[in-house]
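Student: I'm new to this one and would like a close look at a single part. Could you pick one residue, show me what surrounds it, and then work outwards from there?

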Amino acid sequence: MKTLKEHMLIAKAGGRLSPKITIAGYTFKLAPDHGRNPGAIYVTYSLTGDYLGMVKDNRFSCINQKHFHAVTSILDNPQEAVEVHGQQTGNCCICGRTLFNKDSIAAMIGPICAEKWGFSISSTVTPDASVEF
């Protein structure tokens with residue numbers, strides 16, 4: 001299983017200058033190579049834009065403890081977090097587009113984004129038939 005940073009580096013190697021992904025209301029953005037924290041991932045709460053801390057070596061240094069568990073669970077299994085996000089919202093967590101294709105809905109991520117970010121499209125999470133998109 002890949003870490004979130006590994007997925008971001010795949011996207012960067014594919015030409016994405018500033019990889020950013022939003023999962024379950026949290027936005028993860030790869031720090032610039034020339035900045036103060038090269039290799040870190042900055043975490044913000046996307047509903048308010050509040051800065052929550054940074055991830056280094058897959059460890060979250062959090063300045064707001066009420067978000068610690070949610071963010072660390074995303075870091076523990078990014079593949080599952082992406083799938084759950086899609087299941088709950090009906091949208092791809094990378095580009096935000098509505099998932100229409102049956103394979104995309106099953107995987108809970110669009111096929112182009114999955115390829116560019118190194119996510120598997122063979123879903124381990126079964127879509128919940130009660131979720132409305």
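**Starting from Phe 28**

Tutor: Let's begin with Phe 28: leaving aside its neighbours within four places in sequence, this residue is in contact with Leu 4, Met 8, Pro 19, Lys 20, Ile 21, Ile 23, Ile 41, Tyr 42, Val 43, Val 71, Ile 74 and Leu 75. Contact here means heavy atoms within 4.5 Å. Before going on, keep in mind that this is a predicted model, where local features need pLDDT of at least 70 and side-chain atom pairs count only at pLDDT 80 or more, while totals for chains, interfaces and linings use all residues. Residues are numbered from 1 along each chain as its sequence is written, and side-chain values use heavy atoms, with hydrogens and water left out.

What does Phe 28 belong to? Along with Ile 21, Ile 94 and Ile 109, Phe 28 is one of the residues with the most contacts inside the largest nonpolar core, which has 29 residues. Such a core is a set of buried Ala, Val, Leu, Ile, Met, Phe, Trp, Tyr and Cys residues joined through side-chain atoms within 4.5 Å. Buried means under 20% relative accessible area, exposed means over 50%, and partly exposed is anything in between (1.4 Å probe, protein chains only). In soluble globular proteins, nonpolar side chains tend to be buried together.

Now follow some of those contacts to another spot. Ile 41, Tyr 42 and Val 43 are among the contacts of Phe 28, and they turn up again around Gly 53, which also touches Phe 60, Ser 61 and Ile 63 once its neighbours within four places are left aside. Gly 53 sits in strand 4, residues 50-56. Why is Gly 53 called buried? Because its relative accessible area is 1%. For a sense of distance, Gly 53 and His 85 are 32 residues apart in sequence and 21 Å apart in space, C-alpha to C-alpha.

Just after strand 4 comes a loop that leads to strand 5 (59-62), and Asp 57 is found there. Asp 57 has a positive phi of about 55° although it isn't a glycine. Asn 58, in that loop between strand 4 and strand 5 too, has a positive phi of about 60° and isn't a glycine either. As for cover, Asp 57 is exposed, because its relative accessible area is 67%, while Asn 58 counts as partly exposed at 35%.

Back towards the start of the chain, His 7 has its place in helix 1, residues 4-13. His 7 is buried, with a relative accessible area of 2%. Not counting residues up to four places away, His 7 touches Lys 2, Pro 78, Trp 117, Gly 118 and Phe 119.

One more stop: Gly 86 lies in helix 3, residues 78-89, and counts as buried at 0% relative accessibility. The C-alpha atoms of Gly 86 and Ala 106 are 20 residues apart along the chain and 9.3 Å apart in space. Gly 86 is also among the contacts of Asn 91, together with His 85, Gly 96, Arg 97, Thr 98 and Leu 99, leaving aside neighbours within four places. Asn 91 belongs to the loop between helix 3 and helix 4 (102-107), and is partly exposed at 24%.

Finally, zoom out. The protein has five helices and five strands, in the pattern α-β-β-β-β-β-α-α-α-α along the sequence; helices (H or I, at least four residues) and strands (E, at least two) are DSSP runs numbered from the N terminus. Its C-alpha trace spans about 45 × 35 × 25 Å along the principal axes. With 133 residues, a compact globule would have a radius of gyration near 14 Å, and the protein's 14 Å agrees; that radius is taken over C-alpha atoms, and the globule rule is 2.2 Å times the number of residues to the power 0.38. Buried residues make up 40% of the 133 residues. Among contacts between residues at least 6 apart in sequence, 38% join residues at least 24 apart.
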